[in-house]
Each structure stands twice: as C-alpha cells, then as structure tokens.
Amino acid sequence: MTHTPEASARTSSAHDGRQLRRVVGASLVGTTIEWYDFFIYASAASLVFGKQFFPSLDGTAALLASFATLGVSFVARPIGGIVAGHLGDRVGRKAVLVATLLLMGISTIGVGLLPGYDSIGVAAPVLLVVLRLLQGLSAGGEWGGAALMSVEHAPSGRRGYFGSFPQIGVPIGLLLANLVFFSVSAATTDDQFARWGWRIPFLLSVVLIAVGFFVRARVSESPVFSELRARRARRSAPLAELLRTNRRELVVAIGLFIANNMVGYILIAFINSYGTRTLKLSSTTMLFVGMVGAVSWGVFTLLAGHWSDRWGRRKTYLVGTLAMGAWTFPFFLLFDTRSVPLMLAAVIVLGFGLGLTYGPQAAAYSELFPAGIRYSGVSFAYAFGAILGGGFAPLVSTWLVGETGTSLSVSGYMLVACLVTLAAVLALRERPAAEREAFVTGAE
C-alpha cells in the first residue's frame, strides 16, 4: 500500500495533536498536584500549625510563626529556580519536571507524618521548616518547566491558550486542597481535626504523586529544546548569560508577577485565618468561599490565555491589573459584612483580575527570553516575583490587621503591589506576531 503525501500529512498532524494533548494534560495534572501539595500547607498553616508546632506562643504570635514557615519556602524558590533552570536549559525540560514532582511529593508526605511539638519538642518546628524549604525548592523549578513544555509544544498563534493550562493547575490545586480540607473538617470534630484529621490531605498526596509521575514520564521532550540539542546550541552557563544579556526583561517579568502572586496568597491563605479568627466564621465556610474563588480564578485564567492570543499579552495584563487594583478596597468591604453571598461576590470578582494576570503569563514569559536561556529566565523571574509578591503576604497582612485594627490596611497593601505590576505591564514590549514565533521556536 502506498501512502500519499496528504495521508502522511494527516497522520503526522494526528500524531502531533495527540502529543500536544498529552503534553498539555501532563503539564496540567503535574502542576495541579504540585500546587495541591503547596496549598494544603498554606491551609494547614492558617488553621492548625500554630497549635501543633508553636503551642508555647499566644494565638496571634503562633499564627505569625506559622505564616513565617509558609514564607520560608519562598526563600528557597530562587535556589530551586536557578538549579532547575540550569538543568532545564542543559539537560532538558522533561527530566526536571519529573524530579520536581517527586521532591514536592516526598516533602509533603513528610509533613503529614511529622510529630508535633508535644511529641518531639523544638525538633518539630525545625523539621517543619526543612520540609517547607524542600517544597520551595521544588516549586521554584516546577512552574518554569510546565509552562515551557506547553508553550513550546503549542501551535503558532495559540501559545497563550495552551500556556494557560499549566496556569489553571494553580487554582485547580487550590480548589482540590480546599475541597479535601473541607471534607475532612466536615467529617471530624474540631478535636479530631486538630489531633490527626489535618494530616489526611498531606498523606493523600502519595496517590496523586504516583498518577502525576506516570503521566509526566510518558510525554516527549520540548521540540525547542530538542532542536537546541541537535544544533549543539545549549549554553554552558545559562544563568550568567541571562544576567548579562536580559536584565531588563528579567525585571519586567518579575514585576508582572508581584501583584498576582500577592493577591493570590491573600485568597489562598490569609482569608482563611481572617475569616475564622477575626470575623468568627467557621472554617468550613471559609474553605467554601476559597473554593468558589478558585473556580473563578481558574475559569478566567483559561479565558485570559485565549484572549491574550487575540488581543495581545500586554492588553490582557493591563485589564487584569487595573481590575485587581480597583477591587482591593471593595473586596474587604464586602468581606467584612460577614454575608456569605457578598463574600462570594468578592472572591469571584477578584478571580477575574487574578485570571487575567495569570493566564497570559506562560506565553509572555516565554516570549521574553531566548530559547537557550529560557528555563533559567522564566524560573528566576517566577521565583523572585513570588518572594516580592506572595511570599510573606499572609504574614504581613496578619500584622497589618493586628496593628491597624482594620482590613483596609491590607487593601492598601494589595493596591501598592498592583501599582508595581502596572509599571511592569506598561514597560512590557510585545514583538510582532512573525517575529514572536521565530523567537519562541529558537529561530531568532
């Protein structure tokens, strides 16, 4: 039987389509699992870690210490980003993605098995910090690889859309984390949840990690990296070259992420403790509100990736940043009513701004850095944007409310972050479509 060129083209196209779906699915599943692990820590930090690991401190001090361990991981993120970026630009995207997933899983299960302060004393918070640092190392390298695999496999003109799939892994991970915590909290008494129930979400990670490893091990390497390897065009010191040749792009990329990450961690971690401690609402109510916010964030993230292909990354970012900035004060004014419908409205609208500043990020970052140093560039920018944005946002927000007695101080904090990101958006330069395509594929 002979094969016509048309039949061969259809076969190749079908294969490419299957491979693209597999890559996008692997990025989405892996990122969801990675951030589920990350977010269950944030939920536990706001709900139980103060009593479990810092019982000698009073309520506010214990919560601040708990949120400090949450922030510690952001210190490790740049190290994880540097190491993963170097290996991703030298060895390949796929191998690094599998390694970061395993590291996150092991450290998460370790938290679930860790005895509390009452059992092993000061060793408990010390080991908690160590495990959190390992989570930070993993998170610092995870996102860059997942983003690049999706963007570099994507067809021309649709890189924003396909790049948004690893992005929605973040709100899906948040939704899954809140759903598991909600289910465990509803099925146990307060005493049972404090003694052992909080460990269940961490231990469930072993199942998710096994699934994620299987899915990620089956995908092919990024075609852009494969081409670099074939041409022997890999850099020996990608980070040094990045800092020498792309400093402006690096600063812009860091700025693009600051508001999104900071406002995201207000939704992820701070509102749980604020709602239960200050507004005296139940933890199940707050977890439900967080889940609705996660759904809104995810939906608008996916839409924003598509919109950025049609309207451009800069315009999409601009609308999202302005929306977040304008909503900072109405958000807490609605929250402080203690009315669940108004709180739901607050997080749904917040999700719009979060989505529009998160959906285009994978594509925008990929279009800022040359292929040979791209993993280093996106990981470095993502990690430092997270430190300056969300790393200590729950801690700072808790301190602000304690010092000022009003949540509007947190609104002002959010607004400052939005203004910083707005400056980065205005500084973002978009390439014409043809030039952008050649740049992303490494043909620049």
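How many residues line the largest pocket, and which of them lie nearest its centre? The legends below address this and other features of a predicted model.

**Figure 1. The protein chain of the predicted model, with 21 helices and zero strands.** The radius of gyration is 21 Å, close to the 22 Å given by the globule rule for 444 residues, so the chain is as compact as a globular protein of that length. Along the principal axes, the C-alpha atoms fill a box of roughly 75 × 45 × 45 Å. Buried residues make up 57% of the 444 residues. The accessible surface of the chain comes to about 16,600 Å², and carbon and sulfur atoms account for 68% of this surface. Among contacts with a separation of 6 or more, 86% are between residues 24 or more positions apart.

**Figure 2. Close-up of the largest pocket, which holds about 600 Å³ of space.** The lining of this pocket comprises 26 residues, and those nearest the centre are Ser 46, Leu 47, Val 48, Lys 51 and Thr 276. At least two lining residues come from each of helix H1 (5-47), helix H2 (49-53), helix H3 (59-90), helix H8 (190-197), H13 and helix H14 (283-311). Sorted by class, the lining has eleven nonpolar, ten polar and five charged residues.

**Figure 3. Close-up of the second largest pocket, with a volume of about 160 Å³.** Helix H3 gives the most to this lining, with five residues. At least two residues are supplied by each of H3, helix H4 (93-113) and helix H6 (123-153). The lining consists of Ile 79, Gly 80, Val 83, Ala 84, Leu 87, Val 96, Ala 99, Thr 100, Leu 103, Leu 137, Ser 138 and Gly 141. By class, eight of the lining residues are nonpolar and four are polar, and no charged residues are present.

**Figure 4. Close-up of Asn 261 in helix H13 (residues 247-278).** The relative accessible area of Asn 261 is 6%, so this residue is buried, the cut-off being under 20%. Leaving aside residues up to four places away in sequence, Asn 261 touches Phe 74, Gly 385, Ala 386, Gly 389, Gly 390 and Gly 391. Helix H13, in which Asn 261 is found, also supplies at least two residues of the lining of the largest pocket.

How values were computed: Residues are numbered from 1 along each chain as its sequence is written. This is a predicted model: local features need pLDDT of at least 70, side-chain atom pairs count only at pLDDT 80 or more; totals for chains, interfaces and linings use all residues. Side-chain values use heavy atoms; hydrogens and water are left out. Helices (H or I, at least four residues) and strands (E, at least two) are DSSP runs, numbered from the N terminus. Buried means under 20% relative accessible area, exposed over 50%, partly exposed in between (1.4 Å probe, protein chains only). Contact means heavy atoms within 4.5 Å. On a 1 Å grid over the protein atoms alone, a cavity is a set of points where a 1.4 Å probe fits but cannot get out, and a pocket is an open set with protein on both sides within 12 Å along at least five of seven lines; lining residues have an atom within 4 Å of a point. Grid points are joined across faces, edges and corners, and a volume is the space filled by probe spheres set on the points. Ala, Val, Leu, Ile, Met, Phe, Trp, Tyr, Cys and Pro count as nonpolar, Asp, Glu, Lys and Arg as charged, and the others, Gly among them, as polar. The radius of gyration is taken over C-alpha atoms; the globule rule is 2.2 Å times the number of residues to the power 0.38. Accessible areas come from the Shrake-Rupley method with a 1.4 Å probe; for residues, only the protein chains shown count as cover.
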